Amino acid sequence: MMNNSTCLSVALGCSLLLGAAGRLAAADSPANVAGAWQFSVETPRGTMAQTLTIQQDGGAIKGTMKGERGEAPLEGTVDGKKINFTVKRETPNGTFTLEYAGTVDGDSMAGTVHSERFDGKWTASRPKN
């Protein structure tokens, strides 16, 4: 038979373990990136402002990127706070693929972009209502 001190220690230990497991599960759930984003990317030709519109289903995302060069579809994933997506633009010289990787922090995101033509940095923010 356990005394009150031992029971309290066991209960406290279980509580700490459950709390840590809950934090780990929350860290693994995908960040919410659904909605409209103001997007800026640095390229060799200067900074370009665009708009992202993202739909999210768990860790899968899809949507559109719209800017001065028109509109293009995007597809990707969100894993915790990490976001990865590709944008494929049709040009007179063929399909141009851009690969974006970054980190989500609430209503802002930032990361890098890679393509066969250039590498750059990007930022995005979700407008406040």
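In the predicted model, Thr43 is located in strand E1. The relative accessibility of Thr43 is 18%, and this residue is therefore classed as buried, the cut-off for that class being under 20% relative accessible area. A polar contact is formed by the side chain of Thr43, which reaches the backbone oxygen of Gly46 at 2.7 Å. When residues up to four places away in sequence are not counted, Thr43 touches Met48 and Phe118.

Both of these partners of Thr43 reappear in the description of the largest pocket. Met48 and Phe118 are listed, together with Arg69, Phe96 and Arg117, as the residues closest to the centre of the largest pocket. The volume of the largest pocket is about 390 Å³, and 18 residues line it. By residue class, the lining consists of nine nonpolar, three polar and six charged residues. At least two lining residues are supplied by each of strand E1 (35-43), strand E2 (46-57), strand E4 (70-79), strand E5 (82-91) and strand E6 (94-105). Strand E1, which holds Thr43, is thus one of the strands named as contributing to the lining.

A second buried residue, Arg126, is found in the segment that follows strand E8 (119-125). Arg126 has a relative accessible area of 16% and is therefore assigned to the buried class, again under the 20% cut-off. The side chain of Arg126 reaches the backbone oxygen of Gly106 at 3.3 Å. Gly106 is also among the residues touched by Arg126, as is Asp107. The remaining contacts of Arg126, not counting residues up to four places away in sequence, are with Asn32, Val33, Ala34, Ala36 and Trp37. For both Arg126 and Thr43, the polar contact described runs from the side chain to the backbone oxygen of a glycine, namely Gly106 for Arg126 and Gly46 for Thr43.

At the level of the whole chain, one helix and eight strands are assigned. Their order along the sequence is α-β-β-β-β-β-β-β-β, with the helix preceding the strands. The chain has 129 residues, of which 28% are buried; Thr43 and Arg126 belong to this buried fraction. Among contacts with a separation of 6 or more, 29% involve residues 24 or more positions apart. The exposed surface of the chain amounts to about 8,500 Å², and 55% of this area is supplied by carbon and sulfur atoms.

Definitions and conventions: Residues numbered from 1 in each chain as written. Predicted model: local features only at pLDDT ≥ 70, side-chain atom pairs only at ≥ 80, totals over all residues. Heavy atoms only, no water. Helix = DSSP H or I, 4+ residues; strand = E, 2+ residues; numbered from the N terminus. Buried < 20%, exposed > 50% of the residue type's maximum accessible area, 1.4 Å probe, protein only. Contact = heavy atoms within 4.5 Å. Areas by Shrake-Rupley, 256 points an atom, 1.4 Å probe, with all protein chains shown as cover. Polar contact = N/O pair within 3.5 Å; in protein donor to acceptor, adjacent residues only side chain to side chain. 1 Å grid on protein atoms, 1.4 Å probe; cavity = no way out; pocket = protein on both sides within 12 Å on 5 of 7 lines; lining within 4 Å. Points joined across faces, edges and corners; volume = space filled by probe spheres on them. Nonpolar A, V, L, I, M, F, W, Y, C, P; charged D, E, K, R; others polar.
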